Amino acid sequence: MRGVIKQKISMAVPEFAGRVYDVDAALSLPLPLCIVKQGEETVESPWTGYRRYFDVIPYGAGGFTEVDQLSEQIIRALNEEVLTSEPGQSITCIYTGNVGGDMVDTERKAAARTLRFSVMNPSSNLLPSDPEDPWLTGLQSWTEGILGHEWAVYSGWWPSGYKRPCVLWRLTGSELKMTQSSGLENEHRFSVHVIGRSPEEEQGTVRRLLEAIGGQVKLPLEAGGKRYAVVRECTANPQADRIAAGQLTVLLSMKTGRTFPEEPLMQKIYYKPNPEQMR
């Protein structure tokens, strides 16, 4: 992770081309320069994997005016960006704020500021793909028809090397209800994750999907309209974590018949009373 972050900064900020170092960088190095330091790491859940924090520290000899400009360029280069590391895994950087405020490094004779970024790396990047789920593949096809070819649509897990903009459908819960002696109702709850190229595009797509799902009595699960799922509920939270939680929650259901095992049919009953009991 550190390597791809350093590479992105070096490419996006001309002043730091070839001047992005680890925390053990020598004090004699010329300014301006940038240091990337790995911070704490927390395990979130089997779905989200782990969250790792990085401190990015720009140093400038031109005072805090120069640090302001360098900081803005770093934030633009990293915040909300999907970066692909060498093994082909994708990570998303989120700017979480300025740690500790401005500082003066007397040893380097430079002004500096610590910018903190959180990076979530879903453990599913390392997992083999699951067998196709007909509900998920049907919803994936339907979403591709709504959003068009510009959007990548995934299902199940975040794939390794996911592209932006993209949408992911993920199953988060299921319930099977008996409606009558010969019927069952299968309910599935899904989370829908939307990653856009900008906050405006992202929120607009969340609204677009909410309206499209809400305007459908049924969603097709197969081409040709052979199988449908009924829309029971659809809610949106545009401020939710797009990677871990998803901005849309959708509840779908489908009724199916119950099957009974085949057994021999009873054709006749013969009954002969005990003659002793009839006296």
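**Close-up 1. Lysine 109 and Glu80, two loop residues with positive phi in the predicted model.** K109 is exposed, with a relative accessible area of 72%. This lysine sits in the loop between β5 (90-105) and β6, and its phi is positive, at about 55°, although K109 is not a glycine. Most residues other than glycine have a negative phi. E80 likewise departs from that pattern, with a positive phi near 65°. The loop that holds E80 lies between α2 and β4 (82-84).

**Close-up 2. Cis peptide bonds that precede P32 and P165.** Most peptide bonds are trans. The bond from L31 to P32 is cis, and its omega is near -5°. P32 belongs to the loop between β1 (20-21) and β2. A cis peptide bond also joins R164 to P165, with omega about 5°. P165 is located in the loop between β7 (152-155) and β8 (166-180).

**Close-up 3. The crossing of helices α1 and α2.** Two packed helices are described by the angle between their axes and the distance between the axes. Here the axes of α1 (residues 2-12) and α2 (residues 63-78) come within 10 Å and cross at roughly 125°. That angle makes α1 oblique to α2, and the crossing is right-handed. Helix α1 contributes I5, K8, I9 and A12 to the contact, while α2 contributes Q73, I74, A77 and L78. Sorted by class, the contact of α1 with α2 has six nonpolar residues, one polar and one charged.

**Close-up 4. Salt bridges of strand β3 with R52 and R51.** Side chains of opposite charge can pair when their charged atoms come close. The model has 14 salt bridges by the rule applied here. In one of them, E41 pairs with R52, and the closest N and O atoms are 2.6 Å apart. E41 lies in strand β2 (residues 33-45) and R52 in strand β3 (residues 49-60), eleven residues apart. E41 is partly exposed at 41% relative accessibility, whereas R52 is buried at 15%. D241 forms a salt bridge with R51, for which the closest N and O atoms are 3.4 Å apart. Because D241 is in the loop between β11 (228-236) and β12 (248-257) and R51 is in strand β3, this pair ties together parts that are 190 residues apart in sequence. D241 is partly exposed, with a relative accessible area of 32%, and R51 counts as buried at 15% relative accessibility.

**Close-up 5. The salt bridge between D55 and R116.** The closest N and O atoms of D55 and R116 are 2.7 Å apart. D55 lies in strand β3 and R116 in strand β6 (residues 110-121), so the pair joins parts that are 61 residues apart in sequence. D55 is buried, with a relative accessible area of 5%, whereas R116 is partly exposed at 27% relative accessibility.

**Close-up 6. A salt-bridge network of R2, K6 and D22.** Salt bridges link R2, K6 and D22 in a network. Within this group, R2 and K6 fall in the residue range of helix α1, which spans residues 2-12.

**Close-up 7. The surroundings of K255 in strand β12.** K255 counts as exposed, at 61% relative accessibility. Leaving aside neighbours within four places in sequence, K255 is in contact with L184, E185 and R232. The C-alpha atoms of K255 and E187 are separated by 8.8 Å, although the two residues are 68 residues apart along the chain.

Notes
Residues numbered from 1 in each chain as written. Predicted model: local features only at pLDDT ≥ 70, side-chain atom pairs only at ≥ 80, totals over all residues. Heavy atoms only, no water. Axes fitted to C-alpha atoms, helices over the stretch in contact; angles between N-to-C directions. Helix = DSSP H or I, 4+ residues; strand = E, 2+ residues; numbered from the N terminus. Parallel < 35°, antiparallel > 145°, perpendicular 65-115°, else oblique. Left-handed = near helix turned anticlockwise from the far one by under 90°. Contact = heavy atoms within 4.5 Å. Nonpolar A, V, L, I, M, F, W, Y, C, P; charged D, E, K, R; others polar. Salt bridge = Lys/Arg side-chain N within 4 Å of Asp/Glu carboxyl O. Buried < 20%, exposed > 50% of the residue type's maximum accessible area, 1.4 Å probe, protein only.
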